[in-house]
Amino acid sequence: MTQTTAGETRFQTTIDADDKVEPRDWMPEGYRHTLIRQIAQHAHSEVIGMQPESNWITRAPSLKRKAILIAKIQDEAGHGLYLYSAAETLGVSREDLVDQLHTGRQKYSSIFNYPTLTWADMGTIGWLVDGAAIVNQIMLQQTSYGPYSRAMVRNCKEESFHQRQGYEIMLTLSRGSAEQRALAQDALDRWWWPSLMMFGPPDSESTHTEQSMEWKIKRMTNDDLRQKFVDMTIPQAEYLGLTVPDPDLVWNVEREHYDFGDIDWDEFWTVIKGHGPMNRERIQHKVGAWEDGEWVREAAIAHSEKAAARAADTIDARGAA
Ligand code: BYC
């Protein structure tokens, strides 16, 4: 038996037993590449996803709302950082991943290419976007790659706070004045369909789902997760007294799920190919921030080199004594 074959057998045994594949383990190159693609895309989404919300920090309606929003946006930065770390365990560098994002060779979630026009958008992002992210990430806690799975456990705890703060904004607006209710409804009208697109193309058009399900990277398909999200969210919209902008939405007694209308997949593909309302602005802003931050990175590296040198001197001095 060759070494590769032994590795393959061990890998398959791990997958079959629902155990975790760890960085030190042999893994098929396709498995490694799929994970790098997905985890990097996920990390980029967390980081780019800070932009639509940071647009409202200076205009939050109260000090309390501002503090909560800042904390949430900082959480997204943290998610990005530990997802980049999870990707690095697969043998890629963070610099390389960031470069691939900046040069359009890697994607980030379609949802962040839409503008945040009113304060109610902060409510809908928390409620729907973080809500959709949780549905996806609860599934990813069970993913077969150990570092990704463990990163998801913490993500989900924080996303759940994010979802609740968004829903609470929507609750306040929908119980407020007629103008506030109109803002909440308008935000739901604009974010509903893009939120359903977050789960990716229909299974029939998904390039990676079949293989990713076999490798247990994905534990549910795009369509199944989307259905779960719709079923979970409709009662929440009803409680708010808001109308989901879908005339075909109806509870299907036989399926025990909601049926919903057709998603505009042309819009989805246009957005992920870089032609959505905010694609160019998001990347320009990200690259600008990266370039402006160069001195910070240089200073951090110089500081850590000095600290390491000081620590080495201390060890030498102890050795000499
Ligand atoms: N947007 O074969 P498929 C957050 C691409 S951030 C863009 O089904 P897969 C938050 C896909 O990459 C959380 N592209 O792909 C942050 C593929 O293209 P390539 C974000 C998409 O990977 C701040 C092609 O379409 N969550 O919560 O099996 C503030 C075919 O798709 C999208 C994650 O990133 C999309 N929506 O399944 C607030 C979750 N969908 O790569 C909140 C992690 C598909 O072949 N990712 N594509 O060129 C995943 O779970 C999976 O990657 C997906 C897609 C379900 C998204």
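How far is an oxygen atom of the ligand from an N or O atom in the side chain of S206? Select S206 together with the ligand, and the separation reads 2.7 Å, a polar contact in the sense of a pair of N or O atoms within 3.5 Å. This is a predicted model, in which local features need pLDDT of at least 70 and side-chain atom pairs count only at pLDDT 80 or more, while totals for chains, interfaces and linings use all residues. Residues are numbered from 1 along each chain as its sequence is written, and side-chain values use heavy atoms, with hydrogens and water left out.

Staying with the ligand, add H208, where a polar side-chain atom lies 2.6 Å from a ligand oxygen atom, and then R37, whose polar side-chain atom is 3.0 Å from an oxygen atom of the ligand. The protein covers 93% of the 1000 Å² of accessible area that the ligand has on its own (Shrake-Rupley method, 1.4 Å probe).

Next, select residues 63-88, helix α4, and residues 146-174, helix α7, which pack at an angle of about 160 degrees with their axes 10 Å apart; helices here are DSSP runs of H or I with at least four residues, and axes are lines fitted to C-alpha atoms over the stretch in contact, with angles from 0 to 180 degrees between N-to-C directions. That angle makes α4 roughly antiparallel to α7 (over 145 degrees).

Finally, keep α7 and add helix α2, residues 29-48, which packs against α7 at about 25 degrees, with the axes 13 Å apart, and is therefore roughly parallel to α7 (under 35 degrees).

Technical notes
Helix = DSSP H or I, 4+ residues; strand = E, 2+ residues; numbered from the N terminus. Parallel < 35°, antiparallel > 145°, perpendicular 65-115°, else oblique. Polar contact = N/O pair within 3.5 Å; in protein donor to acceptor, adjacent residues only side chain to side chain.
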